[in-house]
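Trainee: Could you walk me through how the labels on this one are earned?
Mentor: Sure, let's take a look.
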Amino acid sequence: MAEAPYVPLRPIPLKERSAILFLEYGQLDVLDGAFVLVDQNGTRMQIPVGGLACLMLEPGTRVSHAAVVLCARVGCLLVWVGEAGVRLYAAGQPGGARADLLLFQARNALDEGARLNVVREMFRRRFGEEPPERRSVDQLRGMEGARVRATYQLLAQRHGVTWKARRYDQEDWTGGDLPNRCLSAANACLYGLCEAAILAAGYAPAIGFLHRGKPQSFVYDVADLYKFDTVVPAAFQVAARILKGKGGQEPPERQVRIACRDLFRRTGLLERVIPDIAAILAAGGLAPPEDAPEAADPAIPPEEGSGDDGHRG
């Protein structure tokens, strides 16, 4: 029996793909030539994996070897997350075989002028106003710190929560007061979501601008852009409800995670993160790096030319 003719795959450029799809409770596999999610009843849902930049695998998802191979070939990143991305556990090959975005991020971080421009753009987006002229990164960091402390106080007062100061100790989690524990749990959720977006787009979580020297420096930079509009109010809402005796029997941390999960799904926050990162780095004022002439070919070579720049090879 003659073998079926090989039909070359045609990876779609990342810029033309849908960004992210969340999957839960099912087995990812390749059946009858199709990438499918099979639920517990055996129902298949076909997924156009070649048109996606990233698959977020929520709890209850299993992946076959064939599914991983196909994702790698078409350049779709697999990321294992908690519900709605409130945790990030593992990821495949961030950025695929292309390092364009990673190099662009690193260039902006290493150029002090570009770094300052990026930090100023973050300040502008975070506080809705132009940062003062002739201020260094350290000076802007100090200004942000003062405003952050005032914002905590304001939001706590708005939700009827008694607030002293932001205090937490990773070695003594239960030693913190209820508002601080809720805030720490909420921040962890936001960090998971932002790190998933950073990896999906092909950037490095460790290369930060305002934050430096930590494995998640860039995660903290990005999360700060959304923190006070999203998870901080959610954390204070949960804390207020518990303090009024209306929080039920669930631990505060779980109540916060559920609130953040619902918030992320309702607002579609993840869809905003990747375009925002691109805009922030563009504010650095540097030109993106050009393709290296000696760059490795993609795993699935295009039929003609190299016109599908941006796909994961």
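Mentor: Start with handedness: a crossing is left-handed if the near helix is turned anticlockwise from the far one by less than a right angle, and right-handed if clockwise. Helices (H or I, at least four residues) and strands (E, at least two) are DSSP runs, numbered from the N terminus. This is a predicted model: local features need pLDDT of at least 70, side-chain atom pairs count only at pLDDT 80 or more, while totals for chains, interfaces and linings use all residues. Residues are numbered from 1 along each chain as its sequence is written, and side-chain values use heavy atoms, without hydrogens or water.

Trainee: What is the handedness of the crossing of helix 5 and helix 7?
Mentor: Right-handed, so by that definition the near helix is turned clockwise from the far one.

Trainee: What makes strand 5 (residues 52-57) count as enclosed?
Mentor: Buried means under 20% relative accessible area (exposed is over 50%, partly exposed in between; 1.4 Å probe, protein chains only). In strand 5, 6 of the 6 residues are buried, so the rest of the structure largely encloses it.

Trainee: How do you know that strand 5 pairs with strand 7 (residues 77-81)?
Mentor: Pairing takes at least two bridges found by DSSP. Strand 5 and strand 7 have 4 and run parallel, with L55 opposite L78.

Trainee: Which way do strand 2 (residues 26-31) and strand 3 (residues 34-38) pair?
Mentor: Antiparallel, over 5 bridges; Q27 stands opposite V38 there.

Trainee: Why is the span of helix 9 (residues 269-282) called close to expected?
Mentor: Expected span is 1.5 Å times one less than the number of residues. Helix 9 has 14 residues and reaches 21 Å from first C-alpha to last, against 20 Å expected.
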